[in-house]
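Subject: Structure for you to look at, with notes on its ligand site and voids

Dear colleague,

Please find the structure below, followed by my notes on the ligand site, the pockets and the cavities.

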Amino acid sequence: MARVFSGIQPSGELHIGNYLGAIQNWVRLQHEHDCVFCVVDLHAITQPFEPDALAERTRQMAVGLLAVGIDPARAILFVQSHVPEHTELNWLLTTVTPLGELERQTQFKDKAQRQESVPAGLLNYPVLQAADVLLYKATLVPVGEDQLQHLELMREIARRWNARFGDLFPEPRAQLSTAKRVLGLDGQAKMSKSLGNTIGLFESPEAIWEKLRPAATDPARKTRKDPGDPDKCNVYTIHRGFSPPDTLTHVAQQCRTAGWGCLDCKRVLADSMVATLAPMRERAAALAADPARVDRTLAEGAARAGAVAGETMREARRRMGFLPAAGG
Ligand code: ATP
Ligand code: MG
């Protein structure tokens, strides 16, 4: 049984890109492995955010994960800032992380471009991510394709630390899903909470349709008569995540032969999405009505995570040669 770690930022609403790219895998992996899942609020503060909204967003993200099927009886679910070892290991790891590598990260360059003044925290984002995973000595990290570069850097950070202070951290590897990169509805950038190009996982069937209807498809289909290529169509990527195999075959054939227009295809997709998402939406509403219960679940998760993290930190401090606190 492998140890699995992954996180999601409370930086906006949980969307179908998150679900198809990562969270769906989390739900599956909790039946096979020892899983630790985290709402990474400390990462979310590297982007513009409202302090008044952070706590509620964090809880909402936890509600979303529980509604999708994360089971606290099978997996540890907790909030990053509740386990202070994440920030402590982050600091230790910054001292073995090459600055040039941080500056080369695509996500840093993209997000830095969108901010007037670039905080150092945004640059250090992948180091905190390394701390998250290494604290639990996780070997498997289910993420979307956008995180592969960070995973590579994480492996390098682990290697450098191990080489200097002795083998403590296994090198984690990424686990991708079949829909590893869902594009935003405009078909340009990847779907992202912070870009406002998303379909939320818990939106009403009407809202889903309103967003899906104008969504970008294969640009080759300029008119109704032009055939398309499903492999170049973001709507088909989403179909793959929600529609059953026989529907997929039919949809692909109708696209290639221009038998259907894109709207026909989208109507079928909307039905598939609603069939999967409606029960999750109901569960999310029920959970949101009982915030105290969600907070208790998160407190239990933090206690379990903290026990593992505390153990790793003690060993990391010892290997780096810090003077132990008297009585500690
Ligand atoms: P933000 O815009 O604030 O970075 P985000 O939508 O990118 O938010 P994250 O919290 O950064 O979401 O990432 C959570 C997980 O979802 C990660 O594993 C990430 O790789 C995955 N993910 C995010 N967007 C997509 C996407 N468009 N397609 C596939 N996977 C995605
Ligand atoms: Mg992101």
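Which helix gives the most to the shell around ligand 1, and with how many residues? That is helix 1 (residues 16-29), which gives four residues; helices here are DSSP runs (H or I, at least four residues) and strands are runs of E of at least two, both numbered from the N terminus. Before the rest, please note that this is a predicted model, in which local features need pLDDT of at least 70 and side-chain atom pairs count only at pLDDT 80 or more, while totals for chains, interfaces and linings use all residues. Residues are numbered from 1 along each chain as its sequence is written, chains are lettered from A and ligands numbered from 1 in the order in which they are written, and side-chain values use heavy atoms, with hydrogens and water left out.

The ligand site

There are 23 residues around ligand 1 (near means a heavy atom within 4 Å), and those that come nearest are Ser11, Lys111, Asp146, Lys193 and Ser194. By class, this shell holds six nonpolar, 11 polar and six charged residues, where Ala, Val, Leu, Ile, Met, Phe, Trp, Tyr, Cys and Pro count as nonpolar, Asp, Glu, Lys and Arg as charged, and the others, Gly among them, as polar.

Among the polar contacts (pairs of N or O atoms within 3.5 Å), an oxygen atom of ligand 1 lies 2.5 Å from an N or O atom in the side chain of Lys111. The backbone also takes part: a backbone N or O atom of Gly144 is 2.8 Å from an oxygen atom of ligand 1, and a polar backbone atom of Gly17 is 3.3 Å from a nitrogen atom of ligand 1. Of the 590 Å² of accessible area that ligand 1 has on its own, the protein covers 98% (Shrake-Rupley method, 1.4 Å probe).

The pockets

Ligand 1 takes the space of the largest pocket, a molecule being placed in a pocket or cavity if more than half of its atoms lie within 2 Å of the grid points. On a 1 Å grid over the protein atoms alone, a pocket is an open set of points with protein on both sides within 12 Å along at least five of seven lines, a cavity is a set where a 1.4 Å probe fits but cannot get out, and lining residues have an atom within 4 Å of a point.

The largest pocket has about 910 Å³ of space, and of its 47 lining residues, Gln107, Asp146, Gln147, Lys190 and Ser192 are the closest to its centre. Helix 1 provides the largest share of this lining, six residues.

The second largest pocket has a volume of about 310 Å³; 19 residues line it, with Arg181, Leu183, Asp231, Cys233 and Thr237 the closest to its centre.

The cavities

Two cavities of 30 Å³ or more are held in the structure. The largest cavity, of about 110 Å³, is lined by 13 residues, of which Arg221, Cys233, Cys255, Cys262 and Cys265 are the closest to its centre; helix 11 (245-256) and helix 12 (262-288) each give two or more residues to that lining.

The second largest cavity has a volume of about 40 Å³, and its lining divides into six nonpolar, no polar and two charged residues. Helix 12 gives the largest share of that lining, four residues.

With best wishes

Definitions and conventions: Polar contact = N/O pair within 3.5 Å; in protein donor to acceptor, adjacent residues only side chain to side chain. Points joined across faces, edges and corners; volume = space filled by probe spheres on them.
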